[in-house]
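Me: I'd like to learn how to read packing in a structure like this. Could you walk me through one, starting with a helix and what it leans on?

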Amino acid sequence: MGLKGGKARIALGGLMVLLAASPACAIDGGEIARNGTLTGAPACAACHGDDGGGSIEGGFPRLAGLSVGYLTHELDSFGDGSRENETMGAIAQALTSDERRAVAAYYAGLPAPKAAEASAPDGAISSRGRNLAETGDWSRGVPACGQCHGPAGQGVGAAFPALAGQPAAYLMAQLSAWKTGTRHNDPLGLMKGIADKLSDQDGAAVSAYYAALPASQVGDSR
Amino acid sequence: MSLARHGAASLATVLALGLTLALPQIGAAGADREGAVPPFVPPPDSAIPDDDLGKVIRLGEHIFHDTRNQASAFVGNDLRCTNCHLDRGRLGHSAPLWAAYVTYPAYRAKNRHVNTFAERLQGCFRYSMNGKAPPLGDPVLVALEIYAAFLAHGAPVGVKLPGQGYPKLTKPKGLDIPHGREVYAAKCALCHGENGAGQASSDGTIVFPPLWGGRSYNWGAGMSSVVNAAGFIKANMPLGQGNSLTDAEAWDVAAYIDSRERPQDPRFTGDLAATRAAHHDSPYDFYGQTVDGVTLGAQSWPAGTEAR
């Protein structure tokens with residue numbers, strides 16, 4: 001480098017100040033996930049699992065392998081109340097926006113876990129769920145879920161999260177939350193429009209269908 | 001024609017007969033929300049026979065849905081039939097197959113001769129899919145044709161059915177492309193991307209189709225006419241929220257989309273002005289016009305790109 005000693009030290013010092021002033025660089029998302037924060041956010045892993053795979057029993061969603069944009073948006077939504085959830089609302093509010101981004105990036109970087117053994121839904125429910133997922137019900141103006149979430153429910157971009165391998169109870173709870181309005185953070189109100197057209201039986205069937213799909217399946221392009 | 005010889009009384013009889021033919025549908029499906037004649041309802045999937053005929057019908061449906069993989073030799077972009085013909089060619093006001101099937105053979109101003117349905121399908125591959133026309137008799141065309149015939153089973157022949165094609169919106173006073181750009185950013189970019197290139201899922205499957213650029217429909221496609229695009233958008237977009245845009249929003253966003261560059265018209269003669277005069281002579285067609293500093297058609301991607 002052409003800089004003389006003194007100038008180099010000043011430049012280096014400036015760089016360190018920059019680094020220190022940029023918390024996102026210093027925040028360890030994995031540390032938050034495993035141990036929580038000193039400001040009161042508990043460890044994410046306590047509910048979402050060590051591998052971020054979620055919990056079927058608790059209905060806690062998988063986070064591993066979801067998009068960083070989606071996860072950040074959801075934490076922000078919990079924080080501002082556009083996605084109402086007592087537990088997650090308090091947790092999101094305990095996190096700074098840089099911490100939210102860091103922990104979202106951590107989970108986005110984890111591999112989607114192998115699907116837990118979900119009990120196979122019975123024939124009638126499975127076929128109804130599959131039809132809604134792959135074909136939709138256009139007589140009611142309902143597009144196929146896969147037209148936005150990807151043919152195997154693997155998710156598209158930041159706005160359309162993966163559905164495959166999510167606990168059925170979680171998916172059903174979200175459809176219900178859009179219907180009642182406790183979740184209203186969907187772009188263009190797209191999910192509100194869909195959820196309003198689905199019966200509880202539809203919701204159960206399509207949730208069971210996606211819960212049984214492996215999280216990391218490669219689509220057959222249907 | 002015999003109509004001319006027999007005069008008005010016979011014409012009235014013919015009209016009455018047409019009305020009579022339509023009546024059973026009214027009774028079968030009930031009035032739709034506008035109170036107009038309801039669209040024809042195609043047979044359910046369960047009506048596909050479980051035999052060799054049914055196999056070809058199902059193949060046609062498969063091609064219709066997964067066009068790039070099932071008809072790869074004839075597809076040159078990232079679209080599939082179902083992008084413009086929603087619900088597997090079943091949905092009214094989204095150019096349903098059942099309504100198209102019963103209007104062919106037909107004279108088309110586009111190529112100035114009588115087209116069979118198979119020739120019409122060839123046009124879809126050549127223009128909308130920016131690929132190559134399958135030869136007449138090719139298994140791809142045969143399967144698509146029998147799939148369309150299946151969907152049209154029970155429909156009256158030669159009748160323009162409600163829901164046919166795309167809705168014809170009242171012509172606007174003008175097209176406002178800057179307004180269209182705003183509508184696009186607010187309502188369309190979420191799925192189709194800021195640059196109109198569409199979006200794929202994490203495994204690379206194209207989920208949201210590209211609307212312009214080298215992987216979309218070419219300048220010869222029906223959708224490159226703002227009239228068609230506005231009608232489709234009004235009735236069907238955003239997906240699941242059909243008829244939520246105003247007519248002006250639909251017209252202007254269609255104008256924005258159809259004033260971006262896309263693959264060349266396969267009928268391009270090398271003379272942009274002459275090609276425009278021959279095939280694009282309409283205020284609702286931007287081919288050959290200069291928009292936002294780009295003379296459309298002058299620097300187009302090649303027509304008939306190979307499948308990738």
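Reply: Happy to; this is a predicted model. Start with α5 of chain A: its buried residues pack against α6 (86-94) and α7 (97-109) of chain A.

Me: Which residues of α5(A) are buried?

Reply: The general idea first: an α-helix has 3.6 residues a turn, so residues three or four places apart point the same way. In this case the buried ones in α5(A) are Leu71(A), His73(A), Glu74(A), Leu75(A), Ser77(A) and Phe78(A).

Me: What should 13 residues of helix span, and what do the ends of α5(A) show?

Reply: Counting 1.5 Å a residue, α5(A), residues 68-80, should span 18 Å, and its end C-alpha atoms do lie 18 Å apart, which agrees. Right after α5(A) comes Gly81(A), with a positive phi near 85°.

Me: How do I describe the way two helices pack?

Reply: Two packed helices are described by the angle between their axes and the distance between the axes. For α5(A) and α6(A), the angle is about 105° and the axes are 7 Å apart. Angles from 65 to 115 degrees count as roughly perpendicular, so α5(A) is roughly perpendicular to α6(A).

Me: Which residues meet where α5(A) and α6(A) touch?

Reply: From α5(A) come Leu75(A), Phe78(A) and Gly79(A), and they meet Met88(A), Gly89(A), Ala92(A) and Gln93(A) of α6(A). Sorted by class, that contact has four nonpolar residues, three polar ones and no charged ones. Leu75(A) and Phe78(A) also appear among the buried residues of α5(A).

Me: Can you give me a helix pair in chain B to practise on?

Reply: Sure, try α9 (residues 177-192) and α11 (residues 247-257) of chain B. They pack at about 95°, with axes 7 Å apart. α9(B) and α11(B) are therefore roughly perpendicular.

Me: What does each of those two helices bring to the contact, and how do the classes divide?

Reply: α9(B) brings Ile177(B), His179(B), Gly180(B), Arg181(B), Val183(B), Tyr184(B) and Cys188(B), while α11(B) brings Glu249(B), Asp252(B), Val253(B), Ala255(B), Tyr256(B) and Ile257(B). By class this contact of α9(B) with α11(B) has eight nonpolar, two polar and three charged residues.

Me: Let's move to the contact between the chains. How many residues does each chain give?

Reply: In general, the size of an interface is often given as the accessible area lost when the parts come together. Here we can go by residues: 20 from chain B and 23 from chain A. On the chain B side, the elements giving two or more residues are α5 (86-89) and α9 of chain B. The residues on that side divide into six nonpolar, nine polar and five charged.

Me: And the core? Which residues touch the most other members of the largest one?

Reply: The largest nonpolar core has 68 residues, and Leu144(B), Ala148(B), Ile233(B), Val253(B) and Ala254(B) touch the most other members. Its largest share, eight residues, comes from α8 (residues 139-151) of chain B. Leaving out residues up to four places away in sequence, Leu144(B) touches Gly60(B), Ile63(B), Phe64(B) and Leu121(B). Apart from that core lies another, of 50 residues, with Leu171(A), Ala204(A), Val206(A) and Ala208(A) among them.

Me: How would you sum up chain B as a whole?

Reply: Chain B has 12 helices and six strands. Of its 308 residues, 45% are buried. For contacts between residues at least 6 apart in sequence, 66% join residues at least 24 apart.

Me: Where should I look for unusual backbone?

Reply: Check the omega and phi angles. Tyr104(B) and Pro105(B) are joined by a cis peptide bond, with omega about 0°, and Pro105(B) is in the loop between α6 (97-101) and β1 (106-108) of chain B. Another cis bond runs from Met237(B) to Pro238(B), with omega near -15°; Pro238(B) lies in the loop between α10 (226-236) and α11 of chain B.

Me: Is Asp292(B) buried or exposed, and what is its phi?

Reply: Asp292(B) is exposed, with 11 other C-beta atoms within 10 Å. Its phi is positive, about 50°, although Asp292(B) is not a glycine. You'll find Asp292(B) in the loop between β5 (290-291) and β6 (294-295) of chain B.

Technical notes:
Residues numbered from 1 in each chain as written. Chains lettered and ligands numbered in written order. Predicted model: local features only at pLDDT ≥ 70, side-chain atom pairs only at ≥ 80, totals over all residues. Axes fitted to C-alpha atoms, helices over the stretch in contact; angles between N-to-C directions. Helix = DSSP H or I, 4+ residues; strand = E, 2+ residues; numbered from the N terminus. Parallel < 35°, antiparallel > 145°, perpendicular 65-115°, else oblique. Contact = placed C-beta atoms within 7 Å. Nonpolar A, V, L, I, M, F, W, Y, C, P; charged D, E, K, R; others polar. Expected span 1.5 Å × (residues − 1). Buried ≥ 20, exposed ≤ 12 C-beta atoms within 10 Å, placed from the backbone. Core = buried A, V, L, I, M, F, W, Y, C linked by C-beta atoms within 7 Å.
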